[in-house]
Amino acid sequence: MAVSNFDIRDKKNIYLIVAILVCLGSSYWFYDFVWTEFQQEKQRLVEEQKNAQDELDKINAQRPRIPMLEADLRNAEVEFDRLKEMFPEEEKVPIRLQDLYAVVRASGVNIQAFKPAGSQTQEHFVENNYSFNVNAGYHMLGELFAEIANFNYPTTINNLRLTRSSSITQEVKKAEDHGWDPITMGVSFDLTTFTSRKQ
C-alpha cells in the first residue's frame, strides 16, 4: 500500500496505528521498568560476586598460614599459662615462703626477721611486700640476691640497708679457724612480688 493511499480515517489504519503505539509503549515500558532494573540488579550481583571473590582470594591466600597461626596460638597459650604462674590472681604466700627458705638455706645467710609488709594496688597489678633482716657475708648476700633473681616470677628488692657487724673481728677469726665465710654485716631489705589485679 502506497503512502498516498493511506487513509487515516480508515478503521484498519486506526487499529494499525493503535497497535504500533501499544507495541512502542509496551517496549518503552519494558525497557524502562524491566530491562533497566534487570541490568542494574545484574550489575549489583556482579559487583557482589567480585567482592565475594576478592574476599575468598584473601582467605585462600591466608590458608597456608593456618598451621603457623595454630602453632602461634599454642605458643601464646603456653606463654599465657606461664604469665599466669608469674602473676597469679592471689598471692601464694606458702609457695613464696618455701622459695625464700630454700634460697636462704642455699646462700647461708642467717635470717633475723621476716614479715609480710602489706600490699599496694596499682592500675594493673598488686605489689606484695615483705621485709627482711638478715646477717650475712658479702658473698652470701650476693648469692642470696642471685637466687632471688632466678625465681620463676618477678621480684624487686628495695630499701637495701647494710650495717657493719659489731662482732666482725670475732667472725673473721672464726672463719679463719673453721674455713667458712664470715658474717660481716647486717642487712635489711624489702622484697616485692607481684600478682595480677582482678578486674
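Biologist: How many aromatic pairs does a search of the whole structure find?
Modeller: The search finds 6 aromatic pairs. The model is predicted.

Biologist: Why is the pair of phenylalanine 125 and phenylalanine 194 called edge-to-face?
Modeller: The planes are 70 degrees apart. Edge-to-face needs over 60. The centres lie 5.6 Å apart, and the limit for a pair is 6.5 Å. Therefore the two rings pair, edge-to-face.

Biologist: What makes this a link between distant parts of the chain?
Modeller: Phenylalanine 125 is in strand E2 (residues 125-136), and phenylalanine 194 is in strand E4. They are 69 residues apart.

Biologist: Why is phenylalanine 125 called partly exposed, and why is phenylalanine 194 called buried?
Modeller: Phenylalanine 125 has 31% relative accessibility. Partly exposed lies between 20% and 50%, so the term fits. Phenylalanine 194 has 12%. Buried means under 20%, so phenylalanine 194 counts as buried.

Biologist: How do you know that phenylalanine 145 and phenylalanine 189 form an edge-to-face pair?
Modeller: Their centres are 5.4 Å apart, with 85 degrees between the planes. The cut-offs are within 6.5 Å and over 60 degrees. Both are met, so the pair is edge-to-face.

Biologist: What does this pair tie together?
Modeller: Phenylalanine 145 lies in helix H4 (residues 138-149), phenylalanine 189 in strand E4. The pair therefore ties together parts 44 residues apart in sequence. Phenylalanine 145 and phenylalanine 189 are buried. They also belong to one aromatic cluster, with Phe114, Tyr130 and Phe132.

Biologist: How do you know that E2 and E4 pair as strands?
Modeller: Pairing takes at least two bridges. E2 and E4 are joined by 12, and they run antiparallel. Therefore they pair. Phenylalanine 132 has phenylalanine 189 as its bridge partner in E4.

Biologist: What joins strand E3 (residues 155-164) to E4?
Modeller: There are 8 bridges, and these strands run antiparallel. One bridge partner in E4 is aspartate 190, for asparagine 158.

Biologist: What makes E4 mostly covered?
Modeller: Of its 12 residues, 11 are buried.

Biologist: Why is threonine 184 called buried?
Modeller: Its relative accessible area is 11%. The cut-off is under 20%, so threonine 184 is buried. It sits in the loop between helix H5 (168-178) and strand E4 (185-196). Beyond its neighbours within four places in sequence, its contacts include Tyr138, Arg164 and Ile168.

Biologist: Why is phenylalanine 38 called partly exposed?
Modeller: Its relative accessible area is 45%. That falls between 20% and 50%, so the term fits. Phenylalanine 38 is in helix H1 (residues 11-62). Phe38 also helps make a nonpolar surface patch of about 760 Å², with residues including Trp29 and Trp35.

Notes
Residues numbered from 1 in each chain as written. Predicted model: local features only at pLDDT ≥ 70, side-chain atom pairs only at ≥ 80, totals over all residues. Heavy atoms only, no water. Patch = residues over 30% accessible without salt bridge, like charges linked within 9 Å, V, L, I, M, F, W, Y side chains within 5 Å. Areas by Shrake-Rupley, 256 points an atom, 1.4 Å probe, with all protein chains shown as cover. Salt bridge = Lys/Arg side-chain N within 4 Å of Asp/Glu carboxyl O. Helix = DSSP H or I, 4+ residues; strand = E, 2+ residues; numbered from the N terminus. Buried < 20%, exposed > 50% of the residue type's maximum accessible area, 1.4 Å probe, protein only. Contact = heavy atoms within 4.5 Å. Phe/Tyr/Trp six-rings, centres within 6.5 Å; stacked < 30°, edge-to-face > 60°.
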